[in-house]
Amino acid sequence: MTTPTKQTPVGTPGDGPRLKQPALLSGTLPRFFPPVLLVVLAAVAGLALSALGTFNVPLFAVVTFLAYMVAITVAASIVENGRKAKDRLVTAVVYACFGLAMVPLVSLLWTVVVKGLVRLDGYFLSVSMNGVIPSMDAGGVYHAIVGTVFITGFAALISIPIGLMTAIYLVEYGRGRLKQAITFFVDVMTGIPSIVAGLFVVALWIMFFGPGNTNGAAGAIALSVLMIPVVVRSCEEMLKLVPSELREASYALGVPKWLTIVKVVLPTAIAGITTGIMLALARVIGETAPLILTAGTSAVAINWNLFNGQMMSLPVFIYAQVRMGGAVNYERAWAAALTLIIIVMLLFLVARLVSRFFAPKLGR
């Protein structure tokens, strides 16, 4: 049995007895202190580096970060206590790592937006490159948008049912060595290089249709080889998160297993499944190597038939424009890259809307 800690009354003779604060309840730095300290140190570091003539952004960020770590740790140890000082030090390191991770992403998006907006307009999005020579200041990316939508859509039509059914089998039915074998091959396929998927489909196409027969369907099959393992893995993890109590309650009411999966498990996991599928689409929509081998690189006209003739896609269009060189072609490549990013953002917006409106309502 532990004895309570004796607290010594402190205070002035005119005041009543007052208990001494424990160490954990010592003073606290104001909420505005860390950001104000960071701004002050950034200004001091900028002035000092400018005075020394060695100012550059990376050095400025490093000096500011190191000075802030030392200053916030010392201030917390003086005003607060050692535990809070360590906490603030680790918090500063975490925020610094987050900022460091955001630098390449922000830089990439900024570069693509700035250079892509030079040519991105309604004309560029509504015309093809049919009849346009590379040096002409004309043409657009409409045929590549059509090809990207058709190829990726057909790949999703192949991959989503196969991947979802495989994930359901692994979580709900799989047992023993067969489950272990499927899991192993899914893990192996997740890391397969995209060029290998393209070569596999080229060999398959030559076997059935002869050499030189490239079309959008071949490209979609190559993308589905890359997409299926991602769908399987993401859907499997989402299905595992569904509480077992929901399944058991359904079984207790006499509902068969297949109907429990359809009516209980899948609706509960629909938000995560949709997000996983969108991640898989984003994984394959920017692939270039398999489409160069399977869908071709020379299509300049709009092709609405997946099974007849070459079909251009946005990644291959970017590659072809950069390979030809020249200021006009580079502008087209940057505008196509921005278009591809916008399409991916729209896909994630659709995923968020699906997750919001189709997820099960938890309130009464």
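# Briefing on helices, arginines and annotated spans

Arg-323 lies in helix H12, a helix made up of residues 314-324. The model in which this arginine is placed is a predicted one, and the points below take up three arginine residues, two pairs of packed helices and the spans that come from a UniProt record.

**Arginine residues, exposed and buried**

- Arg-323 of H12 counts as exposed, because its relative accessibility is 53%, and the cut-off for that word is over 50%.
- Arg-323 is separated from Ile-221 by 102 residues in sequence, and the distance in space between the two, taken from C-alpha to C-alpha, is 26 Å.
- Arg-332, by contrast, is found in helix H13, which covers residues 327-358, and this arginine counts as buried because its relative accessibility is 0%.
- The residues that Arg-332 touches, leaving aside those up to four places away in sequence, include Arg-119, Phe-124, Met-129, Val-132 and Ile-133, and the list also includes Pro-134, Met-136, Ala-138, Phe-317 and Gln-321.
- One of these partners, Phe-124, is 208 residues away from Arg-332 along the chain, yet the C-alpha atoms of the two residues are separated by 8.5 Å.
- Arg-88 belongs to helix H3, which is formed by residues 82-116, and it counts as buried because its relative accessibility is 17%, where buried means under 20%.
- When residues up to four places away in sequence are not counted, Arg-88 touches Leu-29, Pro-34, Ile-72, Ala-76 and Glu-80.

**Two pairs of packed helices**

- Two packed helices are described by the angle between their axes and the distance between the axes.
- Helix H5 (residues 142-173) packs with helix H6 (residues 176-190) at an angle of about 140°, and the axes of the two helices are 10 Å apart.
- That angle makes H5 oblique to H6, and the crossing of these two helices is left-handed.
- On the H5 side the meeting residues are Thr-166, Tyr-169 and Leu-170, while on the H6 side they are Leu-178, Lys-179, Ile-182 and Thr-183.
- Sorted by class, this contact of H5 with H6 has 4 nonpolar, 2 polar and 1 charged residues.
- Helix H9 (residues 244-252) and helix H10 (residues 257-285) have axes that come within 10 Å of each other and cross at roughly 145°, and H9 passes H10 in a right-handed crossing.
- In this contact, H9 contributes Leu-246, Arg-247, Ser-250 and Tyr-251, and H10 contributes Lys-257, Thr-260, Val-264, Val-265 and Thr-268.
- By class, the contact of H9 with H10 has 4 nonpolar, 3 polar and 2 charged residues.

**Spans taken from the UniProt record**

- The unreviewed UniProt entry carries the annotation "transmembrane region" for several stretches of the chain, among them residues 32-53, 59-80, 92-113, 214-232 and 264-285.
- Within the model, the span of residues 214-232 is 89% helix and 0% strand, and its end C-alpha atoms lie 28 Å apart.
- The span of residues 264-285 is 100% helix and 0% strand, with a distance of 31 Å between its end C-alpha atoms.
- The same unreviewed entry also gives the annotation "domain: ABC transmembrane type-1", which covers residues 145-351.
- Over residues 145-351 the chain is 80% helix and 0% strand, and the end C-alpha atoms of this stretch are 20 Å apart.

Methods
Residues are numbered from 1 along each chain as its sequence is written. This is a predicted model: local features need pLDDT of at least 70, side-chain atom pairs count only at pLDDT 80 or more; totals for chains, interfaces and linings use all residues. Side-chain values use heavy atoms; hydrogens and water are left out. Axes are lines fitted to C-alpha atoms, for helices over the stretch in contact, and angles run from 0 to 180 degrees between N-to-C directions. Helices (H or I, at least four residues) and strands (E, at least two) are DSSP runs, numbered from the N terminus. A crossing is left-handed if the near helix is turned anticlockwise from the far one by less than a right angle, and right-handed if clockwise. Contact means heavy atoms within 4.5 Å. Ala, Val, Leu, Ile, Met, Phe, Trp, Tyr, Cys and Pro count as nonpolar, Asp, Glu, Lys and Arg as charged, and the others, Gly among them, as polar. UniProt positions are given in the numbering used here, feature names are shortened, and annotations may be inferred rather than shown by experiment. Angles under 35 degrees count as roughly parallel, over 145 as roughly antiparallel, 65 to 115 as roughly perpendicular and the rest as oblique. Buried means under 20% relative accessible area, exposed over 50%, partly exposed in between (1.4 Å probe, protein chains only).
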